[in-house]
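Here is a short briefing on a predicted model. Keep the sequence and the 3D view open as you read.

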Amino acid sequence: MTNQAEQALRRLELTITRKLDGLLHGQHAGLLPGPGSEAGDSRVYVPGEDDVRRMDWAVTARTTIPHVRDLISDRELETWALADLSPSMDFGTADTDKRDLVVSAIGAIGFLTSRMGDRFGALVLHDDALHRMPARTGRPALYGLLHSLLDAPRGRAVPDAPDLAEGIDVLAAMRRRHGLRVVVSDFLDARPSLDPDAEREWERPMRRLAARHQVLAVEVMDPRELELPDVGAVAFTDPETGHVSDVHLSPRVRAAYAEAAALQREGTRAALRRAGVAHLVLRTDRDWVFDIAQFALRQRRMTHLAHRRAGT
């Protein structure tokens with residue numbers, strides 16, 4: 001590992017373990033807190049204490065005594081992330097670029113979950129392949145994974161390269177055991193739809209993934225993807241195809257672009273909502289640590305309120 005990469009990773013770890021833990025008040029128990037999803041052992045049902053929705057009907061039928069099945073907490077399970085390093089991620093006009101945010105998001109999730117004993121692995125969508133990094137425990141393994149992400153060359157426009165939908169399908173099929181799955185991407189389609197109600201290419205794979213796992217979608221964006229500056233004529237290069245177009249950024253063009261970008265982002269939000277996954281947005285012009293902390297605290301409050309309603 002080069003000294004520069006080593007220093008960058010140490011700064012990232014210090015930022016996560018000090019600043020993020022401080023914002024979370026040292027009580028972090030997962031970015032998506034919940035009772036767990038992996039089935040454990042059956043035991044005798046305790047009236048008034050156990051949730052009847054966890055009733056183990058097979059054991060109950062065999063023994064004629066009501067049994068429930070305990071759940072293993074998600075923080076004890078294996079965590080996998082899909083990191084999108086396609087060419088569109090090599091873009092940034094603010095404090096950082098989108099690729100750096102991908103590494104930061106993967107690092108935050110990795111450092112926080114590994115401290116609780118989780119095995120952490122990743123799939124990396126880069127150029128013409130999906131690269132698999134096996135799930136391991138411990139800080140050295142996580143450092144190696146993050147170093148690989150930092151060292152990956154800039155993405156190239158490759159014909160028939162695997163897309164996000166394919167990456168999510170592979171992520172879903174790779175490990176059947178329940179756990180946390182994280183997809184970090186800009187969710188920009190090669191053929192974007194401006195209809196918020198239209199199904200995205202990656203939506204069905206995401207829905208299948210969410211049927212078996214707890215899923216967090218981290219959407220990474222840059223402010224220039226939402227609105228264009230008033231700078232006159234500009235040559236635009238499509239990072240996914242390499243195609244170059246000369247465009248004059250007139251007020252009408254800029255207004256049309258902003259409207260289209262808003263519709264595209266609303267479509268992404270709607271698709272993730274339909275898929276039933278948690279949605280975190282990170283921007284290159286914002287404090288990503290603060291945004292992750294606010295997201296975790298918001299999820300914790302929502303879970304607490306849901307449990308209170310269920311108990312009434």
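Is Asp90 buried or exposed? Asp90 is buried, because its relative accessible area is 13%, under the 20% cut-off for that class. The points below start from this residue and then move through the helices, the strands, the loops and the cavity.

**Asp90 and the start of α3**
- Asp90 sits in the loop that links β3 and α3.
- Its side chain makes a polar contact with the side chain of Arg99, at 2.7 Å.
- Arg99 also figures in a second approach, this time through its backbone nitrogen.
- A side-chain oxygen of Asp97 comes within 3.3 Å of that nitrogen, at the start of α3.

**Helix α3**
- Helix α3 covers residues 98-114, which makes 17 residues.
- Its end C-alpha atoms lie 24 Å apart.
- That agrees with the 24 Å expected for the helix, because each residue should add 1.5 Å.
- Of the 17 residues of α3, 15 are buried, so the rest of the structure largely encloses the helix.

**Ile16 in helix α1**
- Ile16 belongs to helix α1, residues 3-23.
- Ile16 has a relative accessible area of 0%, so it counts as buried.
- Ile16 and Ser104 are 88 residues apart in sequence.
- In space, the C-alpha atoms of Ile16 and Ser104 are 8.9 Å apart.

**Strand β3 and its partners**
- Strand β3 runs over residues 79-84, and six of its six residues are buried.
- Cover is found on both faces of β3.
- One side carries Thr79, Ala81 and Ala83, and the other carries Trp80, Leu82 and Asp84; all are buried.
- β3 pairs with strand β4 (residues 120-126) in the parallel sense, over six bridges.
- Within β4, Leu123 stands opposite Leu82.
- β3 also pairs with strand β6 (residues 180-185), again parallel, over five bridges.
- Two bridge partners in β6 can be named: Arg181 for Trp80, and Val184 for Ala83.

**Strands β6 and β7**
- β6 is mostly covered, with six of its six residues buried.
- Leu180, Val182 and Val184 point one way from β6, while Arg181, Val183 and Ser185 point the other way; all are buried.
- β6 and β7 run parallel and are joined by six bridges.
- Leu180 stands opposite Gln214 in β7.
- Val184 stands opposite Val218 in β7.
- Val184 is thus a residue to pick out in the view: it is the bridge partner of Ala83 and also faces Val218.
- Strand β7 covers residues 214-221 and is mostly covered, with seven of its eight residues buried.
- Val215 lies in β7.
- Val215 is buried, at a relative accessible area of 5%.
- The C-alpha atoms of Val215 and Val182 are 5.7 Å apart, with their positions 33 residues apart along the chain.

**Two loop residues with positive phi**
- Thr64 has a positive phi of about 65 degrees, although it is not a glycine.
- Thr64 lies in the loop between α2 (57-63) and β2 (67-72).
- Thr64 is exposed, because its relative accessible area is 68% and the class begins over 50%.
- Asp127 has a positive phi of about 55 degrees, and it is not a glycine either.
- Asp127 lies in the loop between β4 and β5 (129-136).
- Asp127 counts as buried, at 13% relative accessibility.

**The cavity**
- Rolling a probe the size of a water molecule over the atoms shows where empty space is left.
- The count here is one cavity of 30 Å³ or more.
- The largest cavity holds about 30 Å³ of space.
- Which residues line the largest cavity? They are Glu78, Arg175, Arg177, His178 and Arg181.
- By class, the lining has four charged residues, one polar and no nonpolar.
- Arg181 links this topic to the strands: it lines the cavity and is the bridge partner of Trp80 in β6.

Definitions and conventions
Residues numbered from 1 in each chain as written. Predicted model: local features only at pLDDT ≥ 70, side-chain atom pairs only at ≥ 80, totals over all residues. Heavy atoms only, no water. 1 Å grid on protein atoms, 1.4 Å probe; cavity = no way out; pocket = protein on both sides within 12 Å on 5 of 7 lines; lining within 4 Å. Points joined across faces, edges and corners; volume = space filled by probe spheres on them. Nonpolar A, V, L, I, M, F, W, Y, C, P; charged D, E, K, R; others polar. Helix = DSSP H or I, 4+ residues; strand = E, 2+ residues; numbered from the N terminus. Expected span 1.5 Å × (residues − 1). Buried < 20%, exposed > 50% of the residue type's maximum accessible area, 1.4 Å probe, protein only. Polar contact = N/O pair within 3.5 Å; in protein donor to acceptor, adjacent residues only side chain to side chain. Pairing = 2+ DSSP bridges.
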